[in-house]
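The exercises below are meant to be worked through with the sequence and the structure side by side. Each one sets a task and then gives a solution in steps.

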Amino acid sequence: MFLRNGGIHPSAMASCKVRRYEDSDYETVRNIFKAGVKEHEPAVFVYMLKRPTYLLVLVSAFCILLLSSKSLLLPILGVILLVVLLRHLVTGLFNYYTAKCFNSDFKDICHSYMESPNSCFWVAESDRCVVGIVGCYPSKEMEGCLEMVRMAVLTAYRGKGIAKVLCRTVINFACQHGYKAVILNTSDVQVPAQKLYENIGFKKYKAKNGTLPLLSCINFMWNFTIYYYKYTIPTVIENEGHA
């Protein structure tokens with residue numbers, strides 16, 4: 001149920017406390033973000049192994065070593081070595097991405113999100129611990145839109161509606177500050193995130209530039225599909241009790 005100002009009724013929110021970021025949350029927030037990034041490594045590794053380019057490299061290496069050595073052991077060891085190197089490549093690229101984020105907006109979270117009235121960063125608390133994070137700032141690509149970023153919830157607290165509460169917190173913020181929409185992006189390996197956003201009411205849209213600056217080198221390596229989502233803030237709010 002939408003409120004008169006375009007917000008979402010508190011009864012729709014899950015039982016967790018969401019509050020604005022404080023300096024004392026600094027290390028916890030960075031650790032939650034790092035853990036959220038790290039957990040995508042296995043899925044990305046499998047994704048890369050399924051890509052035709054990498055499969056062709058592995059098969060070609062196997063065939064070349066088999067023909068040159070006339071032994072089955074050497075090509076098997078060669079393919080295993082290539083897979084291990086690929087796994088280390090994935091880890092290295094994720095570490096690079098995390099380091100880039102830690103040296104950009106996460107270097108000074110207060111300065112990045114809390115000093116402007118048009119941006120904000122929140123933490124979600126459950127069991128008296130910070131278990132989820134999300135931030136937002138005015139979009140540089142779409143005028144009048146608020147961009148939602150850095151969404152992450154600890155694995156042990158998934159499935160409790162915390163991510164939905166964080167999304168709705170950003171939507172409420174957008175309503176209160178007169179934005180026409182909330183936008184975000186995610187990748188094709190983040191299927192649960194896609195389902196979450198779609199269930200809340202986000203719709204996919206085609207962006208002008210399909211590659212994210214911080215992910216450009218990573219995207220070059222495994223050709224991710226980046227999905228862009230938009231939640232349009234209703235302009236006409238119906239009064240309660242009306243059909």
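**Exercise 1: the nonpolar cores**

In this predicted model, the largest nonpolar core has 32 residues, and those with the most contacts inside it are Met-148, Ile-162, Val-170, Ile-171, Val-182, Tyr-197 and Phe-202. Determine which helices and strands each supply at least two residues of this core.

*Solution.* Assigning the core residues to secondary structure gives the strands β2 (120–126), β3 (129–138), β4 (145–153), β5 (181–187) and β7 (226–232), together with the helices α6 (162–176) and α7 (191–200), as elements that each contribute at least two residues. Among the contributors, α6 gives the most, with ten residues. A further step is to look for a second, separate core, which has 26 residues and includes Phe-45, Met-48, Val-90 and Val-130.

**Exercise 2: the packing of two helices**

Describe how helix α2 (residues 41–50) and helix α3 (residues 52–69) pack, and state which residues make the contact.

*Solution.* Begin with the geometry: the axes of α2 and α3 are 5 Å apart and meet at an angle of about 70 degrees. An angle from 65 to 115 degrees counts as roughly perpendicular, and α2 is therefore roughly perpendicular to α3. Next, list the participants, which are Met-48, Leu-49 and Lys-50 from α2 and Pro-52, Tyr-54, Leu-55 and Leu-58 from α3. Finally, sort the residues of this contact by character, which yields six nonpolar, no polar and one charged.

**Exercise 3: the two faces of α7**

Which residues of α7 are buried, and which exposed residues lie on the face turned away from them?

*Solution.* The buried residues of α7 are Ala-193, Gln-194, Leu-196, Tyr-197 and Ile-200. Because they cover an arc of only 160 degrees around the axis, they lie on the same side of α7. The face turned away from this buried side carries the exposed residues Pro-192, Lys-195 and Asn-199. To complete the picture, trace the partners of the buried residues, which pack against β4, α6, β5, β6 (203–205) and β7. After α7 comes Gly-201, whose phi is positive, near 125 degrees.

**Exercise 4: the surroundings of Val-18**

Locate Val-18 in its strand, classify its exposure, and find its contacts beyond the neighbours within four places in sequence.

*Solution.* Val-18 lies in strand β1 (residues 17–20). Its relative accessibility is 24%, so Val-18 counts as partly exposed. With the neighbours within four places in sequence left aside, the contacts of Val-18 are with Trp-122, Val-123, Ala-124, Val-165, Leu-166 and Thr-169. Val-18 and Glu-125, although 107 residues apart in sequence, are 6.2 Å apart in space from C-alpha to C-alpha.

Notes: Residues are numbered from 1 along each chain as its sequence is written. This is a predicted model: local features need pLDDT of at least 70, side-chain atom pairs count only at pLDDT 80 or more; totals for chains, interfaces and linings use all residues. Side-chain values use heavy atoms; hydrogens and water are left out. A nonpolar core is a set of buried Ala, Val, Leu, Ile, Met, Phe, Trp, Tyr and Cys residues joined through side-chain atoms within 4.5 Å. Buried means under 20% relative accessible area, exposed over 50%, partly exposed in between (1.4 Å probe, protein chains only). Helices (H or I, at least four residues) and strands (E, at least two) are DSSP runs, numbered from the N terminus. Axes are lines fitted to C-alpha atoms, for helices over the stretch in contact, and angles run from 0 to 180 degrees between N-to-C directions. Angles under 35 degrees count as roughly parallel, over 145 as roughly antiparallel, 65 to 115 as roughly perpendicular and the rest as oblique. Contact means heavy atoms within 4.5 Å. Ala, Val, Leu, Ile, Met, Phe, Trp, Tyr, Cys and Pro count as nonpolar, Asp, Glu, Lys and Arg as charged, and the others, Gly among them, as polar. The arc is that of the directions from the helix axis to the C-beta atoms.
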